[in-house]
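I am opening a notebook on a structure I have not looked at before. The entries below follow the order in which I looked things up.

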Amino acid sequence: LHIDQQLCLALQISSSLVTRLYRRGLAPLGLTHPQYLVLIALWEAEEPMTMGDLGARLSLDTGSLTPLVKRMEAADLVARKRDTRDERRVWVQPTPKAMAMRADLAAIRREVVRQLPVTGEQIASLRRLLQDMNEALIQADADPA
């Protein structure tokens, strides 16, 4: 075993460093990186999402997602509404304040990408590789052995 041969460490360091770049851009807007990801998921859906669907999309459990969304609601970034037919379901949608941030967040993303020491093609390739790996790991975790 050698520390520099551990995939988990390389992923952890990369994640931390890229998130730090985002944090610098998001802080002036009063956003955290997880809040940024919630907004992107909601914008992408183009309609309200259930908390369950949002959690699945971001791979966040209820214990992590609920306080995150509550803080976003308090900051007027999202609106939550309990389903009238099934009170266990809660719908989430971005507010006009959040919708107005789209251009700023797109600019932050472009700046983060500009600062990365890799090409756009390398980013796309790395993302595809990680998404494929994540999908396979999720599937393996879901399949009882």
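**Entry 1: the chain as a whole.** I began with burial and found that 25% of the 145 residues of the protein chain count as buried. I note here that the model is a predicted one. For the extent, I took the box filled by the C-alpha atoms along the principal axes, and got roughly 55 × 45 × 25 Å. The protein chain exposes about 10400 Å², and I looked up what supplies it: carbon and sulfur atoms account for 55%. I then turned to contacts between residues at least 6 apart in sequence; 50% of these join residues at least 24 apart.

**Entry 2: the elements.** I counted seven helices and three strands in the protein chain. Reading from the N terminus, I wrote down the run as α-α-β-α-α-β-β-α-α-α.

**Entry 3: the sheet.** In what order do the three strands of the sheet lie? I found S1-S3-S2, in an open sheet with antiparallel pairing. Strand S1 (49-50) and strand S2 (78-82) are the edge strands, each pairing on one side only. I looked at the join between S1 and strand S3, residues 90-94, and found two bridges, with the strands running antiparallel. Thr-50 has Trp-91 of S3 opposite.

**Entry 4: the largest pocket.** I looked up the volume of the largest pocket and noted about 1800 Å³. Its lining has 37 residues, and those closest to the centre are His-33, Leu-37, Arg-127, Leu-130 and Gln-131. Which helices each supply at least two residues of this lining? My list reads helix H1 (7-26), helix H2 (33-45), helix H3 (51-58), helix H6 (102-115) and helix H7 (120-142). I also sorted the lining residues by kind, and they divide into 24 nonpolar, eight polar and five charged.

**Entry 5: a loop residue.** I went next to Leu-116, which lies in the loop between H6 and H7. What does Leu-116 contact, once its neighbours within four places in sequence are left aside? I found Val-18, Leu-21 and Ile-123. Of these partners, I place Val-18 and Leu-21 by number in H1 (7-26), and Ile-123 in H7 (120-142).

**Entry 6: one distance.** To relate the loop to the sheet, I took Leu-116 and Thr-50, which are 66 residues apart in sequence. Their C-alpha atoms are 34 Å apart in space. I close with the two places these residues mark: Leu-116 sits in the loop between H6 and H7, and Thr-50 stands opposite Trp-91 in S3.

Conventions. Residues are numbered from 1 along each chain as its sequence is written. This is a predicted model: local features need pLDDT of at least 70, side-chain atom pairs count only at pLDDT 80 or more; totals for chains, interfaces and linings use all residues. Side-chain values use heavy atoms; hydrogens and water are left out. On a 1 Å grid over the protein atoms alone, a cavity is a set of points where a 1.4 Å probe fits but cannot get out, and a pocket is an open set with protein on both sides within 12 Å along at least five of seven lines; lining residues have an atom within 4 Å of a point. Grid points are joined across faces, edges and corners, and a volume is the space filled by probe spheres set on the points. Helices (H or I, at least four residues) and strands (E, at least two) are DSSP runs, numbered from the N terminus. Ala, Val, Leu, Ile, Met, Phe, Trp, Tyr, Cys and Pro count as nonpolar, Asp, Glu, Lys and Arg as charged, and the others, Gly among them, as polar. Buried means under 20% relative accessible area, exposed over 50%, partly exposed in between (1.4 Å probe, protein chains only). Contact means heavy atoms within 4.5 Å. Accessible areas come from the Shrake-Rupley method with a 1.4 Å probe; for residues, only the protein chains shown count as cover. Two strands pair if DSSP finds at least two bridges between them.
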